[in-house]
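Student: I'd like a close look at the salt bridges here, please. Take me through them slowly, and then follow them into whatever strands they lead to.

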Amino acid sequence: MGMNALYFNNHGDSSVLKYGELPIPDVKEGYCLIRVDACALNRLDLWVLQGWPNLGLNFPHIGGSDIAGTVVSGNTKWSEGEKVVIDPGINTKRDKFTDRGEDSLSPGYRVIGEHIPGGFAEYVTVPIENLRKAPLGFTSEESASSLLVGLTAYRMLVHRANLKAGERVLIIGSGGGVNSVAIQLAKYLGGTVHVVCGGVKKSRNAMKLGARYTVDYTAELDWERHLKIQNEGDGYDVIIDNVGAKTWSKSLKLASQGGRIITVGNTTGPIAETDIRYIFVKQLSILGSTMGSHDDFDKVLELLSKKAIKPIIDSIIPLAEGKSAYERMNTGTHFGKIVIKP
Ligand SMILES: NC(=O)c1ccc[n+]([C@@H]2O[C@H](COP(=O)([O-])OP(=O)(O)OC[C@H]3O[C@@H](n4cnc5c(N)ncnc54)[C@H](OP(=O)(O)O)[C@@H]3O)[C@@H](O)[C@H]2O)c1
């Protein structure tokens, strides 16, 4: 039996993506077959398509980490037809990190759509332990939109930044999946949130999500000075910078005495200049974060259920036209999640 899928046989840009029929995957012990109802795109999918040394994919590879779907092969825990969402992070071994609830620190941590085939297809197999009931009151496109980025934002702000009510937060960038959740979550945790946005429309969207103040980096080239004035010379307690090369040195300048700068990524490139003096003089903490644990994932679903965060959908694109989803993300014009629908 075959299924339609968006896949690639070699690394490259979106031109190497193919849409066509592949076999429905075999279901291994401990796994479950899911019919994909919707799967959101992440920047990760673009990195995986591009490839990096020692990634070692088995081709054909199918991307897609953010899966909302329907159980096909019932098992002891789930019945056929149940609506589920999938935690994209897989623990392949138990170690000191998983024992203390820091799954994504474990060298055995894997991501659906990165290390194993993902959800840009009609069917996918996933570990049974990664299945969760789909949150009630959301469409499958909405459910798919908050998973990987919700998990990432939760660990980043709660466990790593340890954000406290009343702290000043600067989020560099607005429309990315992580940032559009982070604005909401930082506000929910009691932070005063300022956002650096790529355009007037994105600034308006960021304000709607809870930003107190925004600056448009496309219009205000000296936005860092602008924010300093806005802050009366003082800096930010917490800065979220997953933009990387283009903004990192500004983040160091904008942090307050004792501030924390958190990175989960580097959309504009991984190599940036660090003036070390900012780190010791201001006694900054530079923190990294990646994905999160199954418990963190459950917290994200709770936050969704109580409407503390809401899914932000940029666009919904049919699987057959999935290549255009990758292309749209590459333009950087999106605000929120680009969802692919079989
Ligand atoms: N480690 C992890 O677990 C993890 C998880 C998820 C994502 N990531 C990484 O985090 C990064 C963000 O991913 P994403 O999926 O949220 O989507 P994305 O589409 O890569 O987000 C791009 C973000 O960068 C901002 N941006 C781009 N150029 C900018 C500039 N010159 N100045 C200021 N902001 C700029 C955009 O802001 P505007 O929309 O305002 O232009 C947008 O918020 C990626 O590098 C991804 O690989 C890591």
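Tutor: Let's start with Glu-102, whose side chain meets that of Arg-100 in a salt bridge, with 3.0 Å from N to O. A salt bridge here is a side-chain nitrogen of Lys or Arg within 4 Å of a carboxyl oxygen of Asp or Glu. Do keep in mind that this is a predicted model, in which local features need pLDDT of at least 70, side-chain atom pairs count only at pLDDT 80 or more, and totals for chains, interfaces and linings use all residues. Residues are numbered from 1 along each chain as its sequence is written, and side-chain values use heavy atoms, leaving out hydrogens and water.

Glu-102 has a second partner to look at: its side chain also forms a salt bridge with Arg-155, at 3.1 Å from N to O. This pair links distant parts of the chain, since Glu-102 sits in the loop between α2 (96–99) and β7 (109–111) while Arg-155 belongs to helix α4 (residues 148–160), 53 residues apart. The element names come from DSSP runs numbered from the N terminus: helices are H or I with at least four residues, strands are E with at least two. Both Glu-102 and Arg-155 are buried, where buried means under 20% relative accessible area, exposed means over 50%, and partly exposed is in between (1.4 Å probe, protein chains only).

Now move to another pair. The side chains of Arg-328 and Asp-314 meet in a salt bridge of 2.6 Å, N to O. Here too distant parts of the chain are linked: Arg-328 is in helix α11 (residues 322–331) and Asp-314 in strand β16 (residues 313–318), with their positions 14 residues apart in sequence. Arg-328 counts as partly exposed because its relative accessible area is 29%, and Asp-314 is partly exposed at 22%. Elsewhere, Arg-35, Asp-37 and Lys-83 are joined into one network by salt bridges that share partners. Altogether, the structure holds 17 salt bridges.

While you are at helix α11, have a look at Asn-330, which is also found in that helix. At 57% relative accessibility, Asn-330 counts as exposed. From C-alpha to C-alpha, Asn-330 and Arg-43 are 8.6 Å apart in space, though 287 residues apart in sequence.

The network leads us on to the strands, and Lys-83 makes a handy entry point. Lys-83 is in β5, where it stands opposite Thr-70. Three bridges join β4 to strand β5 (residues 83–86), and the two run antiparallel. Two strands are said to pair if DSSP finds at least two bridges between them. Strand β5 also pairs with strand β9 (residues 131–133), antiparallel and over three bridges. In that pairing, Val-85 stands opposite Arg-132 in β9.

Going the other way from β4 (residues 66–71), you arrive at β3, its antiparallel partner over six bridges. One of the contacts between strands to check in your viewer is Ala-40, whose bridge partner in β4 is Asp-66. Ala-40 also stands opposite Val-339 in β17. Strand β17 (residues 337–341) pairs with β3 in the antiparallel sense over two bridges. Strand β8 (residues 123–127) is another antiparallel partner of β3, this time over five bridges. There, the bridge partner of Leu-33 is Thr-125 in β8. How well covered is strand β3 (residues 31–40) by the rest of the structure? Nine of its 10 residues are buried, so strand β3 is largely enclosed.

For contrast, step out to a few places with more open side chains. Lys-201, in helix α6 (residues 200–209), is exposed because its relative accessible area is 61%. Phe-280, in helix α9 (residues 276–281), counts as exposed at 55% relative accessibility. Lys-18, in strand β2 (residues 18–23), is partly exposed, with a relative accessible area of 40%. Lys-18 and Thr-268 are 250 residues apart in sequence and 26 Å apart in space, C-alpha to C-alpha.
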